[in-house]
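Open the model in your viewer and keep the sequence panel beside it. The tour goes stop by stop, with something to select at each.

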Amino acid sequence: MKIAIAGVSGRMGQMLVKAVEEADGAELSGAIERPEHAWVGQDLGEMCGTGRGVTVSGGAAQGIAGADAVVDFTAPAATVALSRACAEAGVAHVIGTTGLTEKDIAAIDEAARDIAIVRAGNMSLGVNLLTSLVERVAASLGLEYDIEIVEAHHRHKVDAPSGTALMLGEAAAKGRGVALDDVADRARDGLTGEREPGAIGFHAVRGGSIIGAHDVVFAGPGETLTLSHVANDRALFAKGAIRAALWTESRVPGHYDMVNVLGLD
């Protein structure tokens with residue numbers, strides 16, 4: 001399967017290139033960067049030591065030409081534009097970009113009418129298993145159990161809460177039969193008053209080189225249950241994304257997630 005990678009100069013982009021090269025049944029067909037980027041027009045292997053023979057493209061149309069799927073961990077605006085380009089070209093789109101707005105997701109939904117799109121805040125098996133567990137626990141415990149989600153990432157992460165934290169929050173809200181937007185509490189500072197019953201709290205830690213850690217706390221009367229996941233290697237996200245790209249082969253158009261890819265639905 002021919003796979004293109006968007007944002008190849010970044011840490012995740014380079015890991016994705018390596019993951020494609022190591023995956024059975026996958027071949028790197030394209031590399032995409034911003035039009036003004038210094039790597040555009042250069043051999044990818046000369047730039048980062050992997051992906052030799054593939055020229056870095058400065059635009060989606062050229063980069064996805066001949067591809068079966070493109071994997072994208074970039075930025076919201078770039079991801080939305082790439083979804084449109086993929087829909088026009090009939091190329092599946094795997095999205096690991098976080099910080100997407102409701103408007104962005106609506107645009108991705110539009111593209112998913114024509115192609116298979118897999119979008120997830122986290123591509124790891126462990127986190128997606130955790131998501132299923134969070135939904136189940138939230139459905140089992142009553143409102144006397146307060147839910148708090150604590151996430152930690154490196155100092156360079158630009159969005160908060162993380163896409164994974166929001167994914168876990170969505171799972172908890174789904175378990176309770178409510179909309180996350182109606183119960184999310186993302187900021188506490190000063191004299192806030194008592195905690196709102198049924199609220200789902202979010203807390204973001206940023207520092208150093210933390211890859212990613214997430215705790216979902218169910219604090220009840222007399223006991224606390226905590227479900228946790230710690231990422232020790234970014235490569236697991238890249239491998240999960242390539243697994244998702246391979247999964248899109250022969251899939252009908254639609255907006256999928258890693259729960260579908262891993263058969264956890």
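Two strands count as paired here if DSSP finds at least two bridges between them. Keep that in mind for the first pair of residues: select glutamate 148, which stands opposite glycine 201 in β9. Bear in mind throughout that this is a predicted model.

**Stop 1: the central strand pairs**

Select residues 200–206, strand β9, together with β7. The two strands run parallel and share seven bridges. Now add residues 212–220, strand β10. β10 pairs with β7 (residues 146–153) in the antiparallel sense, again over seven bridges. For a marker on that side, pick glutamate 151: its bridge partner in β10 is histidine 214. Strands in a sheet pair through backbone hydrogen bonds, in either the parallel or the antiparallel sense.

How enclosed is β7? Six of its eight residues are buried, so the rest of the structure largely encloses this strand.

**Stop 2: the whole sheet**

Extend the selection to five strands. In which order do they lie? The order is β8-β9-β7-β10-β11, in an open sheet with mixed pairing. Colour β8 (184–185) and β11 (223–231) separately; these are the edge strands. Each has a single partner strand, so one side of each is left without a neighbour in the sheet.

Next, show helix α6, residues 125–140. α6 packs on the sheet and touches β7, β10 and β11. The directions of α6 and β11 make an angle of about 165°.

**Stop 3: serine 132**

Stay on α6 and select serine 132, which has its place in this helix. Is serine 132 buried, exposed or partly exposed? At 29% relative accessibility, serine 132 counts as partly exposed. Then draw a distance from its C-alpha atom to that of alanine 172. The separation is 9.2 Å, although the two residues are 40 apart along the chain.

**Stop 4: glutamate 33**

Go to the loop between β2 (27–32) and α2 (44–48), where glutamate 33 is found. Its relative accessible area is 8%, so glutamate 33 is buried, the cut-off being under 20%. What does glutamate 33 touch? Leaving out residues up to four places away in sequence, its contacts are Gly7, Val8, Ser9, Gly10, Val40, Val56, Ser57, Gly58 and Gly59. Check one of them by C-alpha distance: glutamate 33 and glycine 7 are 5.1 Å apart, with their positions 26 residues apart along the chain.

**Stop 5: two backbone details**

Select alanine 160 and proline 161. The peptide bond from alanine 160 to proline 161 is cis, with omega near -5°. Proline 161 lies in the loop between β7 and α7 (163–176).

Now move to serine 250, in the loop between α9 (235–247) and β12 (254–256). What is its phi? Phi of serine 250 is near 70°, a positive value in a residue other than glycine. Serine 250 is exposed, with a relative accessible area of 75%.

**Stop 6: the aromatic pair**

Show the rings of tryptophan 247 and tyrosine 256 as sticks. The structure holds one aromatic pair. Its ring centres are 5.0 Å apart and its planes stand at 80°, so the pair is edge-to-face. Both partners are covered: tryptophan 247 is buried at a relative accessible area of 15%, and tyrosine 256 counts as buried at 17%.

**Last stop: zoom out**

Show the full chain as a cartoon. The protein chain has ten helices and twelve strands. Its C-alpha trace spans about 60 × 40 × 30 Å along the principal axes. How does the radius of gyration fit a compact globule? For 265 residues such a globule would have a value near 18 Å; the protein chain has 19 Å, which agrees.

Switch to a surface view. The protein chain exposes about 12,700 Å², and carbon and sulfur atoms supply 49% of that area. Of the 265 residues, 47% count as buried. Finally, turn on a contact map. Among contacts between residues at least 6 apart in sequence, 67% join residues at least 24 apart.

Definitions and conventions. Residues numbered from 1 in each chain as written. Predicted model: local features only at pLDDT ≥ 70, side-chain atom pairs only at ≥ 80, totals over all residues. Heavy atoms only, no water. Helix = DSSP H or I, 4+ residues; strand = E, 2+ residues; numbered from the N terminus. Contact = heavy atoms within 4.5 Å. Axes fitted to C-alpha atoms, helices over the stretch in contact; angles between N-to-C directions. Phe/Tyr/Trp six-rings, centres within 6.5 Å; stacked < 30°, edge-to-face > 60°. Buried < 20%, exposed > 50% of the residue type's maximum accessible area, 1.4 Å probe, protein only. Rg over C-alpha atoms; globule rule 2.2 N^0.38 Å. Areas by Shrake-Rupley, 256 points an atom, 1.4 Å probe, with all protein chains shown as cover.
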